[in-house]
Structures are given as structure tokens and as C-alpha cells.
Amino acid sequence: MHFEADKNETTESIWEKIVLTVGPNLSKEISPNTSSFINTKDGLECNVRNTRGDLLANCYSENDRMGKRRWTIEVIPIT
């Protein structure tokens with residue numbers, strides 16, 4: 001799953017886009033209180049977790065050719 005965001009977009013705005021992009025089923029399980037944003041040398045990443053702290057998705061961003069950030073969401077299969 002992917003979405004685009006401006007380089008200077010807030011983490012609150014990015015979080016809203018993550019929730020919308022993952023869809024209604026997964027968005028019911030995610031918790032903003034246990035999820036976290038991480039600054040890396042390449043940009044911003046987000047670990048999306050449920051209320052128990054289980055990792056549900058990894059999100060990371062990369063520069064695109066249009067001067068924005070392209071976000072990729074990798075959903076972790078629940079076992």
C-alpha cells in the first residue's frame with residue numbers, strides 16, 4: 001500500500017493517511033498510543049501496533065521525483 005505526502009506534513013496528518021490507507025478492518029485494530037514514529041537518516045518511519053503492542057505494519061517514506069514523500073505500508077501477517 002502506498003500514499004504520497006508533502007515533505008513538511010505533520011505526523012498527525014501522516015497518521016490520518018496511514019489509517020485511511022490500511023482500510024476499515026485493520027484501522028479498527030491499530031492504536032495510536034502504542035504506535036510510534038521514528039526519525040531515521042532517510043526520513044520518517046512508523047511502527048503501527050495494536051493495543052497489546054503487537055506490530056501490525058511497518059511504514060516508511062522515500063523521496064519521489066515530484067519533490068514529495070512516497071509512503072509504503074507493509075502489513076505484517078497476524079499469526
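Partly exposed here means a relative accessible area between the buried limit of under 20% and the exposed limit of over 50%. Aspartate 6, at 37% relative accessibility, therefore counts as partly exposed. Keep in mind that this is a predicted model. Two things to look at here: the three salt bridges in the structure, and the surroundings of serine 61 in strand β4.

**Aspartate 6 and lysine 68**
- The side chains of aspartate 6 and lysine 68 come together in a salt bridge, at 3.6 Å from N to O.
- Aspartate 6 sits in the loop between β1 (2-5) and α1 (11-27), and lysine 68 sits in the loop between β4 (55-63) and β5 (69-75), so this pair ties together parts that lie 62 residues apart in sequence.
- Like its partner, lysine 68 is partly exposed: its relative accessible area is 32%, and that of aspartate 6 is 37%.

**Lysine 17 and glutamate 9**
- Another of the salt bridges pairs the side chains of lysine 17 and glutamate 9, with 3.0 Å from N to O.
- Lysine 17 has a relative accessible area of 26%, which makes it partly exposed.
- Glutamate 9 comes in at 21% and also counts as partly exposed; the cut-off for buried is under 20%, so a value of 21% falls on the partly exposed side.

**Arginine 52 and aspartate 54**
- Arginine 52 and aspartate 54 make a salt bridge too, and their closest N and O atoms are 2.7 Å apart.
- Arginine 52 is exposed, with 68% relative accessible area; the limit is over 50%, so 68% clears it.
- Its partner, aspartate 54, is partly exposed at 34%.

**Serine 61 in β4**
- Serine 61 belongs to strand β4, and at 8% relative accessibility it counts as buried.
- A polar atom of the serine 61 side chain lies 3.1 Å from the backbone oxygen of leucine 44.
- The side chain of serine 61 also has a polar contact of 2.9 Å with the side chain of arginine 69.
- Leaving out residues up to four places away in sequence, serine 61 touches Asp42, Leu44, Arg69, Arg70 and Trp71.
- Both polar partners turn up in that list, as Leu44 and Arg69.

Conventions. Residues numbered from 1 in each chain as written. Predicted model: local features only at pLDDT ≥ 70, side-chain atom pairs only at ≥ 80, totals over all residues. Heavy atoms only, no water. Salt bridge = Lys/Arg side-chain N within 4 Å of Asp/Glu carboxyl O. Helix = DSSP H or I, 4+ residues; strand = E, 2+ residues; numbered from the N terminus. Buried < 20%, exposed > 50% of the residue type's maximum accessible area, 1.4 Å probe, protein only. Polar contact = N/O pair within 3.5 Å; in protein donor to acceptor, adjacent residues only side chain to side chain. Contact = heavy atoms within 4.5 Å.
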